[in-house]
Amino acid sequence: MSTFFLSVVTPDGIFFEGQVRRVVVRTRTGDVGIMAGHISYVAALGIGKLRITLDGGVRVAAVADGVLKVSKEKTVILAQTCEWADEIDVERARRAEEMARQRLQTLQSGKEFERAELKLRRALNRLSIAEKE
Amino acid sequence: MAGANMKDIKRRIKSVGSTTQITNAMQLVASSKLRKAKERVERYRPFFEKLYQTMAEVAQENTDGMSVYTRRRKIKATLQIVIAGDRGLAGGYNANILKRAQADSEGRNVRVLAIGKKAVEYYQKRAYPIVAQYQGVGEELSISETTEIGEKIVALYRSGEIDEAIVYYTGFVSPLQQEPSSLTLLPLDLLGVKPQGRRTLTEYDPSPQAVFDSLVPTFITGTVYGAIVESFVSEQAARRTAMESATDNAQEMIDGLQLQFNRARQGAITQELTEIVAGAQALG
């Protein structure tokens, strides 16, 4: 099976770089799978899972916000946050979940509510990925 | 009389000496933090460059410029995001950036988002409208904490409470030179940037417009993160320089005092000798 070059970059540095067979990532409109030879494609990332299929197996990470950019030479994922499933700080995610839930109860609507909701979604995403993998 | 004077000088030498130990220790701490902070800036750079490039490319697709983030509107309220340190004793670091932001706020209807304890204290004392404040973020800052700041800025802009957002940070030029700088975050100005390479036919999901708009919060967050990281490097560099010169000055002072002390001691001995000789002569 043919491979292509993927690089995943976050503000904390280069997260992953190498030849991969397939990558599946959550965009704003749903999960998108990329394989070698894909046309040029740009999409904004949502909050969800990043699955990288390598020759040796599959690696899974939690990803939130950023952009997926596919070009002929390589595929780049710029993610605001990205963590491998086994490196997720579960304690911290639990605390974030707790806090966001509390905030959602006191707030009724509006911008603050939306932000708390986003926070909750990020925390739940981390927790579900950490538990499943 | 001379004895009392000598005691005073001795005490001062001791006190200046212990100050030197503190400034010297602070200098060492700042040096090691500076090294770590510089590495963080290096790690951050590729992300920002790629993100900026992508934004510019997408912006090129949306030539109609109808995004809410790029459209210019009448400026009624300005948000100043001011990044200062949490601690003092860093030379002019805090004062310079606060002065810069202050000078820019003249004649504008300003709201402030204060980052760093020194900035928070400064604006609280002057009763500025503070929309949000963050303390103690510089050193252990993670991107998820900045997300909150970025989202706040975007939310204020979208709701029309602010018409522009400017971030004030200290740029790191070299370990000996840091420059208070400002950068306009919103409205975005990307049209001046030319994307590299040929334009290729690219599919945008769902549309260039939607991709652009959903990238803006990430871009703002990334820029604020970068500004905080860079300011932190500058703070450490400024502190190191300040502490280095404090240590040098203290050393000079100790040298001067030591000279005074030796003179006083010599004077006392001479006086005692004169007294003995005079006494012996009187006895005849």
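Three bridges join β5 of chain A to strand β6 of chain B, residues 203-205, and these two strands run parallel. Within that pairing, A:Tyr41 has B:Glu203 of β6(B) as its bridge partner. I open with this pairing between chains, and I should state at once that the model before you is predicted.

Let me turn to the contact between the two chains as a whole. Chain A contributes 25 residues to it, and chain B contributes 28 residues. On the side of chain A that touches chain B, the elements giving two or more residues are β1 (4-10), β2 (13-20), β5 (41-54), β6 (57-70), β7 and α2 (111-132) of chain A. Sorted by class, that side of chain A holds 11 nonpolar, 8 polar and 6 charged residues.

Two of those elements, β1(A) and β2(A), also pair with each other, in the antiparallel sense and over 7 bridges. They form a hairpin, with 2 residues between the strands. In this pairing A:Phe4 stands opposite A:Val20 of β2(A).

I now move to chain B. Its secondary structure comprises 5 helices and 6 strands, and along the sequence these follow the pattern α-β-α-β-α-β-α-β-β-β-α. The radius of gyration of chain B is 29 Å, well over the 19 Å that the globule rule gives for 284 residues, so chain B is more spread out than a compact globule. The C-alpha trace spans about 115 × 40 × 30 Å along its principal axes. Of the 284 residues in chain B, 33% are buried. Among contacts in chain B with a separation of 6 or more, 79% are between residues 24 or more positions apart.

One helix of chain B deserves separate attention, namely α4(B). What span should its 16 residues, 143-158, have at 1.5 Å a residue? The expected value is 22 Å, and the end C-alpha atoms are 22 Å apart, which agrees.

The buried residues of α4(B) include B:Ile143, B:Ile149, B:Ile153, B:Leu156 and B:Tyr157, and B:Lys152 is also one of them. Against which elements do the buried residues of α4(B) pack? In chain B, the partners are β1 (78-83), β3 (130-134), β4 (164-174), β5 (177-186) and α5 (208-283), and chain A supplies β7 (75-84). The strand β7 of chain A is thus a point to keep in view: it packs against the buried residues of α4(B), and it gives two or more residues to the side of chain A that touches chain B.

Finally, just after α4(B), B:Gly160 takes a positive phi of about 85 degrees.

Key:
Residues numbered from 1 in each chain as written. Chains lettered and ligands numbered in written order. Predicted model: local features only at pLDDT ≥ 70, side-chain atom pairs only at ≥ 80, totals over all residues. Helix = DSSP H or I, 4+ residues; strand = E, 2+ residues; numbered from the N terminus. Rg over C-alpha atoms; globule rule 2.2 N^0.38 Å. Buried ≥ 20, exposed ≤ 12 C-beta atoms within 10 Å, placed from the backbone. Contact = placed C-beta atoms within 7 Å. Expected span 1.5 Å × (residues − 1). Nonpolar A, V, L, I, M, F, W, Y, C, P; charged D, E, K, R; others polar. Pairing = 2+ DSSP bridges.
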